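Student: Hi! I've got a protein model open and I'd like to go through it with you. Could we start with one of the turns?

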Amino acid sequence: MKSTSKTHRRTRWLKTLHQWHWMSSALSLVGLILFAATGITLNNAAWFESKPTVITRQADLPGEILQILAPASTSTKKAALPAQAEAWLDSQLGIHINGRTAEFSSDEVYVSLPEPGGDAWLAIDRASGEVTYERSRRGWIAYLNDLHKGRNTGVIWSWFIDIFAAACLIFGLSGLLLLKLHSKNRISTWPMVGLGLFVPFVLLLLFSH
């Protein structure tokens, strides 16, 4: 009777762990492929060097919008652009400022617009209203590398990385528990797990200085 109860308990655990394992693996599958691939490209950046593509656009800010940007003082300050100015710039230059902070000085308004895989900036001459926009892109590999690092990707992607990391933890821990439950019938289980721990440790100890 005791043996039967133990078997039922083990069966329930196995079923639960298998369910957690496959669900977490399904959730993290695409992310694992992305982060594994970009781990290679980041670790071997010299293999994937590319020449940046630079785009420059210019426009003239209408007088009424230029008036909105009139400085309250000559001191440097940081604030979001007025909504009307941002909407006009987005429309005319084909960009998305999305409430980015602008740096105001007596002669210029400057907006930094970094993005994954590239960089961009916008400058407005406060005297003439001349607008200069420049954007550089380093290619798809640089874009994916920045996704891996969470560089200039915004809050939503940061949330995704956290959720993805949690799914990977569940995937790994449930896999470890499944190994434990099956280890009696698989003699090589713990030697293989130990090897996976031992090899990185030795490499760090001997070659990382």
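Tutor: Happy to! This is a predicted model. Look at the hairpin of S4 and S5: five residues lie between the strands, and Gly117 there takes a positive phi near 75°.

Student: Cool. How do S4 and S5 pair?

Tutor: S4 and strand S5, which covers residues 118-125, pair in the antiparallel sense over five bridges. One to look up is Val109, whose bridge partner in S5 is Ile124.

Student: And what does S4 do with S3?

Tutor: Strand S3 (residues 101-104) and S4 pair in the antiparallel sense as well, over three bridges. A hairpin of three residues joins S3 to S4. Across from Val109 in S4 stands Phe104.

Student: Which residues of S4 are on its covered face, and which on the uncovered one?

Tutor: In S4, residues 108-112, the covered face has Val109 and Val111. The uncovered face has Glu108, Tyr110 and Ser112.

Student: Back to Phe104 for a second. What sits over its ring?

Tutor: That would be the charged end of Lys77, 5.7 Å from the centre of the Phe104 ring.

Student: Nice. Let's talk about rings then. How many aromatic pairs are there?

Tutor: The structure holds six aromatic pairs. One of them is Phe35 with Phe164, a stacked pair with 4.9 Å centre to centre and 20° between the planes.

Student: Where do those two residues lie?

Tutor: Phe35 lies in helix H1 (residues 2-43) and Phe164 in helix H5, so their pair ties together parts that are 129 residues apart in sequence.

Student: Are these two buried or exposed?

Tutor: Phe35 counts as buried because its relative accessibility is 14%. Phe164 has 10%, so Phe164 counts as buried too. The cut-off for buried is under 20%.

Student: What about Phe160 and Phe164, how are their rings arranged?

Tutor: Their ring centres are 6.1 Å apart and their planes are at 15°, so Phe160 and Phe164 are a stacked pair. Planes under 30 degrees apart count as stacked. Along helix H5, Phe160 and Phe164 are four residues apart, so about one helical turn separates them.

Student: And is Phe160 buried or partly exposed?

Tutor: Partly exposed, because its relative accessibility is 32%.

Student: Which residues do the ring pairs link into a cluster?

Tutor: Phe35, Trp157, Phe160 and Phe164 are linked into a cluster by ring pairs.

Student: While we're in H5, what can you tell me about Ala165?

Tutor: Ala165 belongs to helix H5, which runs over residues 154-182. With 36% relative accessibility, Ala165 counts as partly exposed. Its C-alpha atom is 8.2 Å from that of Ser28, although the two are 137 residues apart along the chain.

Student: New topic: which residues in H4 are buried?

Tutor: In helix H4, residues 140-149, the buried ones are Ala142, Asn145, Asp146 and Leu147.

Student: What follows H4?

Tutor: Gly150 follows H4, and its phi is positive, near 70°.

Student: Last one. Which residues make the nonpolar surface patch?

Tutor: Met192, Leu195, Phe198, Val199, Phe201, Leu203, Leu205, Leu206 and Phe207 make a nonpolar patch of about 980 Å² on the surface. Take Leu203 as an example: it sits in helix H6, residues 189-207.

Student: How exposed is Leu203?

Tutor: Leu203 has a relative accessible area of 43%, so it is partly exposed. A residue needs over 30% relative accessible area to be part of a patch.

Student: Great, thanks for the tour!

Definitions and conventions:
Residues are numbered from 1 along each chain as its sequence is written. This is a predicted model: local features need pLDDT of at least 70, side-chain atom pairs count only at pLDDT 80 or more; totals for chains, interfaces and linings use all residues. Side-chain values use heavy atoms; hydrogens and water are left out. Buried means under 20% relative accessible area, exposed over 50%, partly exposed in between (1.4 Å probe, protein chains only). Patches are made of residues with over 30% relative accessible area and no salt bridge: like charges are joined within 9 Å, nonpolar side chains (Val, Leu, Ile, Met, Phe, Trp, Tyr) within 5 Å. Accessible areas come from the Shrake-Rupley method with a 1.4 Å probe; for residues, only the protein chains shown count as cover. A salt bridge is a side-chain nitrogen of Lys or Arg within 4 Å of a carboxyl oxygen of Asp or Glu. Two strands pair if DSSP finds at least two bridges between them. Rings of Phe, Tyr and Trp (its six-membered ring) pair if their centres lie within 6.5 Å; planes under 30 degrees apart count as stacked, over 60 as edge-to-face and the rest as tilted. A charge sits over a ring if NZ of Lys or CZ of Arg is within 6 Å of the ring centre and within 35 degrees of the ring normal.
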